[in-house]
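The exercises below are to be worked through with the sequence and the model side by side. Each task is followed by a solution that proceeds step by step.

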Amino acid sequence: MASIGNIILRRLALGILTLFIVSIVIFLAVNALPGDFAQAILGQGATPEAVEAIRRDLGLDQPLATRYVQWLWRMLHGDLGISFAQANFASYVGSASDAGAVTVAEQLAPRFRNTLFLAGVTAVIAVPLSVGLGILAALYRGSVFDRGVNIFSLVSISSPEFFLAYVLILFLAVLDPVLPSLSNIYEGMSFGERLFKTLLPALTLTLVVTAHMMRMTRAAIINLLASPYIEMARLKGIGPLRVILWHALPNALAPIINVITINLAYLVTGVVVVEVVFVYPGIGQLFVDSVKIRDIPVVQACCLIFAAAYILMNLAADILSILSNPRLRHPK
Amino acid sequence: MSMWLQLILVLPVMALSAAVLLRFAGRRAFPQNAYWRDMPLGVAFGHVLAAGMLGLAVKLYFIDRIVFFRWAVHGFGICAVAGYLFRAAGRHIGPAPLRKLFRQMPLTAAFGILTVLVYAFIAVFAGWLAPYGQAQIFEAVNVLPGTDPAHPLGTDQIGRDIFTRLIYGAQNTVGIAFVTTLIAFFLGGTLGFLAATIGGRFDQFLSRSVDVLMAIPALIFALLLMTIASAWAGSERWLLTVYMVLIIALIDSTRVFRLARAVGSNIVVMDYIEAARLRGEGLAYLVFREILPNATAPLLAEFGLRFCFVFLTIAALSFLGIGIQPPLADWGTMVKDLSQFINFAAFSPLTAALPLMAAGAIALLTVAVNFIVDWMLQRSSGLKE
Amino acid sequence: MKERLLKIRDLRIEGLSDEQWWPIVRGVDLDLSRGEVLGLIGESGAGKSTLGLAAMGYTRDGCRISGGLVEFDGIDMVHAPAHVKRDLLGRRIAYVAQSAAASFNPAHRLLGQCTESPVQHGVMSRSEAEERAIALYERLRLPDPQQIGFRYPHQVSGGQLQRAMTAMAMVAKPDLIIFDEPTTALDVTTQIEVLAAIRDIVQQSGTAAIYITHDLAVVAQMADRIKVLLRGEEVEEADTRSMLASPREDYTKSLWAVRSFQRPAKPAVAQGVSPLIRLEKVTATYGQVPVLKDISLDIHSGRTVAVVGESGSGKSTAARVITGLLTPRAGRVLLDGVPLPASYRDRGKDHLRQIQMIYQMADTALNPRCTIGDIIGRPVEFYMGLTGREKRRRVEELMVQIEMEPGEYMNRLPGELSGGQKQRIGIARALAAEPRFIICDEVTSALDQLVAEGILRLLARLQDELGLAYMFITHDLATVRAIADEVVVMKEGRVVEAGPKDRMFHPPHHPYTELLLSSVPEMEPDWLTRVLEARGPSEIGEAAIAKMNNSESSGSPDA
């Protein structure tokens, strides 16, 4: 039997390998653009200097493998390149491309912090709420409460994020102006104000994620309550509270942790649409804008960040569930 | 703010004391009744909570300013009644096995089936049902709903009839999502079953490739590929829609592959497959005669879920402006275009409801499909026990 | 008459299935005095487990008590409030489940779970309870009783867990223990050990018990009285000895008679006749784990070779090597003296046709979406090339051969058939290929005794009519006695002993065969006492096997 340390190390290595391969996939996808995309993207009106700058920046005359290694090397050093939009702007202004323009990294950093803030606020509301509701629904399964929660969660899973967002805007921002519908966040805001402006997008995301998390928690608990050792505990005359806390919970930990991390990973995707609806200055909104104007370096960088966050969350889920498995923690 | 805080602190305490009172009174009133005698505090609390919510709902219903809530209640009621009538009809009309199916059906599933049928009808006969063409432009721009009988739901900012476009949305949005799901299923399902049956290196290669593709979040990957596709498509906008279908089908086929492979490998270990192998049967016989007939139930449920996912992804892409391209009418783009109308809620509720109608049309169909799938899954898991 | 502890009158229990309530228990009466052990026996679906749980006032989800009375020491268990019942469970009534591995919580140590019920009910302090649990471990002959409680369930073997669960039930000194098939999932050599431990401790402590099982020989050792159930109704009830000696009802008699089916062994094959199937020095592994070590085996036409062994002995692996599903590391398989390709993929259609297989679980052996006619018809079409009317006639012929009405069953799906009928279809599918050799992999172990006997008789008849050779894989020595001509005993991937049946059932034996034979319960109330006296408690079960392995490894120079 492999020790638990070995299993975790192997999982970590697999995670890093996946990240590496995903970076190759993203790199190849971008290189599947037709022709000399420096020209294609900047359009006919671009100055020759701008085209030349991008060509030089991307080293288009070099072989694919060399370009990938160079790109990866710079990525690992935090150099995500320069946004086309910025480069274009810089070339119009007439300065040298590297000196005046804001790099992608500089552009992304504050937005990435904003997105993390939004995801964090959502997680703080959604996790306790959904786990609590899920456990309650499992305990009172078949009751009116369970059915109501079931229908409610199905509806909110099925709705597009922008539908939920506009319903919330309608009730909480337009009819009863309790919360602002635009989340114009800027540097140097106080925490309270920032939280206040983030609340509506966070509530929208909460609706989406809570429904998923709650359903999965409920399923995990019901699965567990059907196991023979729970029946055994009941037949030993153990009270319902202790059955839940001592017999069910230690075994439910792994599935619940799994549910939470998977849904936090899902949040990464969910932020994109919600950020656009609320004009929230996060990485998702930047991503969509860059996709529209085909700003390749930014798209590439955003994609990599989203994928990395997603992979790391899944990695964390796996490692935590390995750690909470008594069979692995106490080998024979 | 402090008022909210007080509310949050005081309300639970009040509800809890009400629950204690309720339980006490119940025990006094029905000392012989096992339900009241053994009632846990949690259940009593639930009763109080339910009563409170009901009261709040009734109060909201009668406030004119938020007429939307009243509409929502009416809509919910209409859906429930329609579902009930549909189920009642199904129980008495049609062949015996169908009637039996309807007899065991929960209301949610009946409503789901009815909704899917209605959507399918509208999608097929959109050209016949809609008063105008989907790209037809009128002179009257931004006509408010209810003001012009020629345009019952008004026109948008470039003068297209909104009612017409809502109907055509069924054809375009639903139709494109359906085709995409079909492609994804064909691709992922075939490869998944082959991987499960053949096993070995073939399976290893496909499974690892799918693992990598699935490590990138679906929407993000779709956006990345759409960027490249838009460069390829150039000014041919219809080409971009085709690319979108292919891209989403590809991304979704990885999920289908996972499921088909899992279902397939569960069946492949069965003794009857071993018996067929030892008989000397070929691959085609194994897949089509032995495995596929036993995989239909989970595959059908998965088709529903995949359709919802594809449908929502396409809607999201269109909403972001990179999905289905004009002049095709589609609900995602309509929500985006009409979203500013929501600010008219206080003056003209119907106008504000327009973007919600388009978004709600998306939601309603996914809810309906989910209801059906939920029921199917419950049925198949119930049979297992 | 001793004081009455449990009284059940006209108990009716229903189960929910397909939106309808179906009766599971239909009006059973039961009385149990203090210190008495009652055996409940019946085949699957008799409602014995449901009845056992109802004695605790408990019904599983989807079941309900629809009428009747359950009274434990004067307390109405059907209508008592939840907290009253909870107070009795674990303290005065305890339960021992069939699968100990699933019934212990994987997240906690054994000792904590064993002491939970007295501590939670407040009848003992934690240290008192722990002391008592350790004393019980010792009396149940668990190895290292001081330390074993600090292990987690997955770190302990199945037989030990089952004894630990008995200890868990006994810690609170209950008045009544319900044993629900506690040894069914265990191998015979482990079973005897657990049986001995349970019987001794129940006798010493003087608690009353209800012992539920489908195995007559087991219940004969454990119970003072036996109650026979059939489809939720009582058939008869009597004192153990008189029940065994002279059963009254026909159903009970037929249960008893099953064990007497025995076919005389055919005479040994003459020297020099070449065998139909020969395994020559076969060694096989799963990955790096060796499962077969240098096995040789001959099977002659028209003969039945029973391969006996406990789980993990490699008997099913031997079958996989013969069919070509597993390629051996070394050695070969010969058919009629001609070596077969190692993998089934390389074998010709005719080779595949001659070797057929019947499986243990008829449920998974038949495609649930194919009609019976298609299942049997496919090999007819595939090997014989028959189609249309000819195929149909052949299928009907085969169905008559397995004693099933073609007209009635041809168009049904496997799900609509009973377990025994499904197994018959499996036999017909094998016969359809017109094979010379059939591997029967535990074909009767999932079936009730009466049904199993029918299958054995059918197989015997087919062998006489068609001259088939069987390789009969089983763990059940009663089955071996019934049908085998020759016996091969396997242990840990080696053949321990092989020879004609008559010689195998008479001493002298290899020590392992000896242990195996003496561990099989017999239909005689004094059997367990006799074996224990003859061998001693340390010469049965895991202890005996461990001792045997030690002496083997020290005795043989190559190990």
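**Exercise 1. Into which domains is chain C divided, and how many residues does each domain bring to the contact between them?**

Step 1: the domain assignment of chain C, whose bounds come from an automatic or database domain assignment, gives domain 1 (36-58 + 81-255 + 539-554) and domain 2 (277-518). Step 2: the contact, meaning heavy atoms within 4.5 Å, takes 20 residues from domain 1 of chain C and 13 residues from domain 2 of chain C. Step 3: the C-alpha centres of these two domains of chain C lie 35 Å apart. Step 4: domain 1 and domain 2 of chain C bury about 1,300 Å² between them, with 52% of it on carbon and sulfur atoms; buried area is the accessible area (1.4 Å probe) that two parts lose on being put together, summed over both. Step 5: the count of salt bridges between domain 1 of chain C and domain 2 of chain C is 0, a salt bridge being a side-chain nitrogen of Lys or Arg within 4 Å of a carboxyl oxygen of Asp or Glu.

Before going on, note that this is a predicted model, in which local features need pLDDT of at least 70 and side-chain atom pairs count only at pLDDT 80 or more, while totals for chains, interfaces and linings use all residues. Residues are numbered from 1 along each chain as its sequence is written, chains are lettered from A and ligands numbered from 1 in the order in which they are written, and side-chain values use heavy atoms, with hydrogens and water left out.

**Exercise 2. Describe the contact of chain A with chain B, and then that of chain A with chain C.**

Step 1: for chain A and chain B, 47 residues of chain A are in contact with 48 residues of chain B, and the two chains bury about 4,300 Å² between them, 82% of it on carbon and sulfur atoms. Step 2: A:Phe162, A:Tyr166 and A:Leu175 supply 14% of the area that chain A buries against chain B, more than any other three residues. Step 3: the count between chain A and chain B is 1 salt bridge, and the side chains of A:Arg215 and B:Asp374 meet in a salt bridge with an N to O distance of 3.2 Å.

Step 4: between chain A and chain C the buried area is about 2,400 Å², of which carbon and sulfur atoms give 59%. Step 5: on the chain A side, A:Met232, A:Leu235 and A:Lys236 lose the most area to chain C, together 28% of what that side buries. Step 6: the count between chain A and chain C is 3 salt bridges; A:Glu231 forms a salt bridge with C:Arg60, whose closest N and O atoms are 2.7 Å apart.

**Exercise 3. Which residues have the most contacts inside the largest nonpolar core?**

Step 1: a nonpolar core is a set of buried Ala, Val, Leu, Ile, Met, Phe, Trp, Tyr and Cys residues joined through side-chain atoms within 4.5 Å, where buried means under 20% relative accessible area, exposed over 50% and partly exposed in between (1.4 Å probe, protein chains only). Step 2: the largest such core has 144 residues, and those with the most contacts inside it are A:Phe162, B:Leu223 and B:Trp331. Step 3: its largest share, 15 residues, comes from helix α12 (residues 240-277) of chain A; helices here are DSSP runs (H or I, at least four residues), numbered from the N terminus. Step 4: leaving aside neighbours within four places in sequence, the contacts of B:Trp331 include B:Tyr119, B:Phe311 and B:Ile362.

**Exercise 4. Are B:Thr351 and B:Ile158 buried or partly exposed?**

Step 1: B:Thr351 lies in helix α15 (residues 349-384) of chain B and counts as buried because its relative accessibility is 1%. Step 2: not counting residues up to four places away in sequence, B:Thr351 touches B:Leu144, B:Pro145, B:Phe341 and B:Phe344. Step 3: B:Ile158 is found in the loop between α7 (126-129) and α8 (162-198) of chain B and, at 43% relative accessibility, counts as partly exposed. Step 4: with the same sequence exclusion of up to four places, B:Ile158 touches B:Ile137, B:Phe138 and B:Val141.

**Exercise 5. What is the mean confidence of chain B?**

Chain B averages a pLDDT of 85, and 98% of the residues score at least 70, pLDDT being the predictor's confidence in each residue, from 0 to 100.

Notes:
Helices (H or I, at least four residues) and strands (E, at least two) are DSSP runs, numbered from the N terminus.
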